[in-house]
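Q: Please take a close look at the largest cavity in this structure. What lines the largest cavity, and which elements do the lining residues come from?

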Amino acid sequence: MTEIRTIRQDECEQYLSVLCDAFALDQGRARTAFFGEPYFALDRKWALFDGPQIKSILSVVPVEFGDGKGIGIAGVATVDEVRQKGLATDLLLFVVKHYSDNNAPKALLFARDSALYERAGFSELDKVYVQPLALGRPSQPSNLDKEAVMRFYTDWSAADSRRLRRDEARWAYWSWTFRSPIALNGGYFCYESGRLREMLPTYSRLPVAEPTDFYGTGAIAKEIGVELNNPTVDLLLMGKGFDYVPQMFMTDQF
């Protein structure tokens, strides 16, 4: 008997096993992240069951733009022996409808292959690009405190309804996944592992020595003034319920 629902506490290890097998993750590290991330809640971990066995999974986080609420979807995975049987599509359709019926009609996800998600009614909204950046003169970084970053970002977000809002929970998630914003030209930037993931108010050369890439959507590149010159496409931003291209930094990637 097939059933779609959120998981129970005693089903977490089975859920984790499906996730780790699909994405080749170390189960010990994945367990720490699974239970430790600020958005962790059993009612955001969805699964398609065949009897007591989990066959397909996904995770949901709340998102909000100026015109309403929605969900971000991540960790879509299906056990090997039942892949290509439409289970992930069934799960996606069920979950998106559930949240749409409960006042969260928008859905977003990042994908490498669009086919599965198109079958569930998603369409490509934007791409995530990797673009090498010209560097400025290296200097001693001056970290910016989180409160200042919150003021910068909140003002920027409020100026356009297409931009992702950050509530208290999302700021906690931002702090958990990202670390040390650096002051620059009256604003700030966030980068790690050689990738610029967030910058406000506009792009200027980074005062760092290591080679660094812009890592973000086309909408964000245009918004902050990064010129995309033959970039590499890393991911697709896909969505349902949008009649515009949403703007969000990759520091908010789910």
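**The largest cavity**

A: In this predicted model, the largest cavity holds about 30 Å³ of space. The structure has one cavity of 30 Å³ or more.

The lining consists of Leu196, Arg197, Glu198, Met199, Phe214, Tyr215, Gly216, Ile220, Ile224 and Phe249. Three elements each give two or more residues to this lining: strand E9, spanning 195–200, strand E10, spanning 213–217, and helix H7, spanning 218–224. Of these, E9 provides the largest share, with four residues.

By residue class, the lining of the largest cavity divides into seven nonpolar residues, one polar residue and two charged residues. Arg197 and Glu198 are the charged ones, because Asp, Glu, Lys and Arg are the types that count as charged. Gly216 is the polar one, because Gly is counted among the polar types. Tyr215 belongs with the nonpolar residues under this scheme, because Tyr is listed there together with Leu, Met, Phe and Ile.

For the start of the chain, a separate note follows. Methionine 1 sits in the segment before strand E1, which covers 2–6. Methionine 1 counts as exposed because its relative accessibility is 82%, and the cut-off for exposed is over 50%. Beyond its neighbours within four places in sequence, methionine 1 makes contact with Phe49, Asp50 and Gly51. For phenylalanine 49, which is 48 residues from methionine 1 along the chain, the separation between the two C-alpha atoms is 7.8 Å.

Technical notes
Residues numbered from 1 in each chain as written. Predicted model: local features only at pLDDT ≥ 70, side-chain atom pairs only at ≥ 80, totals over all residues. Heavy atoms only, no water. 1 Å grid on protein atoms, 1.4 Å probe; cavity = no way out; pocket = protein on both sides within 12 Å on 5 of 7 lines; lining within 4 Å. Points joined across faces, edges and corners; volume = space filled by probe spheres on them. Buried < 20%, exposed > 50% of the residue type's maximum accessible area, 1.4 Å probe, protein only. Contact = heavy atoms within 4.5 Å.
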